[in-house]
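Q: Please take a close look at how the helices of this chain pack against one another, and set that packing in the context of the rest of the model.

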Amino acid sequence: LKSIKMKNYLAIICMLFFISFCNAQTSTINIETIKEEVIGKDVQFIDVRTLKEYNDGYIDDAVHIGIANKENFKKQISTLDKLKPVYIYCYSGVRSNRACKILKAAGFKEVYDFSGGWKAWSKQQKDGK
């Protein structure tokens, strides 16, 4: 009987964790969204590339919080507001996707991943658009 109760409690805890995890929203956004909703706005905009990459050029208003050191990344994101949207980018989308998963697991409600990243941004800037 105790074993059945324990399994029921465990199942409830797992369901609650799953529900809270799924409540966090991650959306992939494009360059137009960055231009319209992020640049010049009071938002949490994070560049997760290396410091060298960031220093070589970054998207306006972005703050550097590198993902290379996962523990340091977790420590730095703990200073952000979990109730406000967070916009993330890297070079092409791999590291930003990993960062979004960490943010969601940490309880952030709205996380936006700029899939084109610095690669798309710098190409468009060079093309003069």
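A: pLDDT is the predictor's confidence in each residue, on a scale from 0 to 100, and contact here means heavy atoms within 4.5 Å. The model is predicted, and its chain averages a pLDDT of 87, with 80% of the residues scoring at least 70. Over residues 18-23, however, pLDDT stays under 50, and for this stretch the model has 3 contacts beyond four places in sequence. Where pLDDT is low, the predicted coordinates should not be read in detail.

Turning to the helices, two packed helices are described by the angle between their axes and the distance between the axes. Helix H4, which covers residues 70-77, packs with helix H5, residues 94-105, at an angle of about 55 degrees, and their axes are 11 Å apart. That angle makes H4 oblique to H5, and H4 passes H5 in a right-handed crossing. On the H4 side the contact is made by Lys-70, Phe-73, Lys-74 and Ile-77, and on the H5 side by Ala-99, Ile-102 and Leu-103. Sorted by character, the residues of this contact between H4 and H5 comprise 5 nonpolar, no polar and 2 charged.

A second helix contact joins H2, residues 31-38, to H6, residues 117-126, whose axes come within 10 Å and cross at roughly 85 degrees. H2 and H6 are therefore roughly perpendicular to each other, since angles of 65 to 115 degrees count as such. From H2, Ile-31, Glu-32, Ile-34 and Lys-35 meet Ala-120, Trp-121 and Gln-124 of H6, and the residues of this contact divide into 4 nonpolar, 1 polar and 2 charged.

Beyond the helix contacts, there are the strands to consider. The count of aromatic pairs in the model comes to 3. One of them is formed by Phe-45 and Tyr-89, a tilted pair with 5.3 Å from centre to centre and 40 degrees between the planes. Because Phe-45 lies in strand E2 (residues 44-47) and Tyr-89 in strand E4 (residues 86-89), the pair ties together parts that are 44 residues apart in sequence.

Strand E1, residues 25-29, contains Ser-27. Leaving aside residues up to four places away in sequence, Ser-27 touches Val-111, Tyr-112 and Asp-113. Ser-27 and Cys-100 are 73 residues apart in sequence, with 9.4 Å between them in space, C-alpha to C-alpha.

Definitions and conventions
Residues are numbered from 1 along each chain as its sequence is written. This is a predicted model: local features need pLDDT of at least 70, side-chain atom pairs count only at pLDDT 80 or more; totals for chains, interfaces and linings use all residues. Side-chain values use heavy atoms; hydrogens and water are left out. Axes are lines fitted to C-alpha atoms, for helices over the stretch in contact, and angles run from 0 to 180 degrees between N-to-C directions. Helices (H or I, at least four residues) and strands (E, at least two) are DSSP runs, numbered from the N terminus. Angles under 35 degrees count as roughly parallel, over 145 as roughly antiparallel, 65 to 115 as roughly perpendicular and the rest as oblique. A crossing is left-handed if the near helix is turned anticlockwise from the far one by less than a right angle, and right-handed if clockwise. Ala, Val, Leu, Ile, Met, Phe, Trp, Tyr, Cys and Pro count as nonpolar, Asp, Glu, Lys and Arg as charged, and the others, Gly among them, as polar. Rings of Phe, Tyr and Trp (its six-membered ring) pair if their centres lie within 6.5 Å; planes under 30 degrees apart count as stacked, over 60 as edge-to-face and the rest as tilted.
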